[in-house]
Amino acid sequence: MPTSPAWAEGLARTLLEAPLPRRWAHVQGVAARARSIAPTLGPDAALLEAAAWLHDVGYLPELAGTGLHQLDGALYLRDVKHADLMLCRLVAHHSCAVVEAEERGLAKVLCREFEPAPQVLANALTFCDMTTSPDGEPVHVDRRLAEIHSRYGSEHLVSRSIHRATSMILDAVDQLSR
């Protein structure tokens, strides 16, 4: 089962670089962030980096079956690429995905398809994602959250989801920032 960061980077590049260049820039930054915290994760460092490379592949229009990018990406990785199940679980649940899944009426589907990843890994991926700008630059979590709200608008379900998940996101970032 594929899990290596090199495999994940190649797949992410193939899927995102040309059609979604800004998403590709973000993913590169998230992977760099994952490498920067590798010493704190020990043997799970490579898995986290692979998940960082692949966490947003579900934004690719041809993969967007449910509209929940976390679930769409994880389904693709599991069903088409036969990726490691823990990698798929990380992608499926990254950055408090269950909250957005609730907004979309997909929470039961998400949880039926993919068990949440262990909290330490989930927090690490949330930290990497939520401290990286859309352009791949390191950013404070507060600026990242504000950018998401600004991009989607206050009434959009993504903004509502992020608002509901803010305390969980801040807790995850705080745990990795110590």
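Helices here are DSSP runs of H or I at least four residues long, strands are runs of E of at least two, and both are numbered from the N terminus. The model is a predicted one, so local features need pLDDT of at least 70, side-chain atom pairs count only at pLDDT 80 or more, and totals for chains, interfaces and linings use all residues. Residues are numbered from 1 along each chain as its sequence is written, and side-chain values use heavy atoms, with hydrogens and water left out.

With that settled, start at Thr126, which sits in helix α9. Thr126 counts as buried because its relative accessibility is 5%; the cut-offs are under 20% relative accessible area for buried, over 50% for exposed, and partly exposed in between, using a 1.4 Å probe and protein chains only. Leaving out residues up to four places away in sequence, Thr126 touches Ser95, Cys96, Ile169 and Ala172, where contact means heavy atoms within 4.5 Å.

Now move to helix α2, residues 21-36. Its 16 residues should span 22 Å at 1.5 Å a residue, and the end C-alpha atoms are 23 Å apart, which agrees; the expected span is 1.5 Å times one less than the number of residues. Buried residues in α2 are Arg23, Trp24, His26, Val27, Gly29, Val30, Ala31 and Ala34. An α-helix has 3.6 residues a turn, so residues three or four places apart point the same way. The cover over the buried part of α2 includes α1 (5-16), α3 (38-41), α4, α9 and α10 (141-152).

Three of those α2 names, His26, Val27 and Val30, turn up again among the contacts of His55, along with His69, Val91, His94, Leu125 and Asp129, once neighbours within four places in sequence are set aside. His55 itself lies in the loop between α4 (45-54) and α5 (69-79). Is His55 buried or exposed? At 0% relative accessibility, His55 counts as buried. Its side chain reaches the backbone oxygen of Ala52 at 2.7 Å, and a polar contact of 3.2 Å links the side chains of His55 and Asp56. A polar contact is a pair of N or O atoms within 3.5 Å; within protein, one must be able to donate a hydrogen and the other to accept it, and residues adjacent in sequence count only if both atoms are side-chain atoms.

For another loop histidine, look at His156, between α10 and α11. At 32% relative accessibility, His156 counts as partly exposed. The side chain of His156 reaches the backbone nitrogen of Val158 at 3.0 Å.

Next, the empty space. On a 1 Å grid over the protein atoms alone, a cavity is a set of points where a 1.4 Å probe fits but cannot get out, while a pocket is an open set with protein on both sides within 12 Å along at least five of seven lines; lining residues have an atom within 4 Å of a point. The largest pocket has a volume of about 280 Å³. It is lined by 15 residues, and the closest to its centre are His93, Cys96, Gln119, Ala122 and Met168. Helices α7 (97-104), α9 (119-130) and α11 (157-177) each give two or more residues to this pocket lining.

The count of cavities of 30 Å³ or more comes to one, holding about 230 Å³ of space. Of its 21 lining residues, Tyr59, His69, Glu100, Met130 and Ile162 lie nearest the centre.

Notes. Grid points are joined across faces, edges and corners, and a volume is the space filled by probe spheres set on the points.
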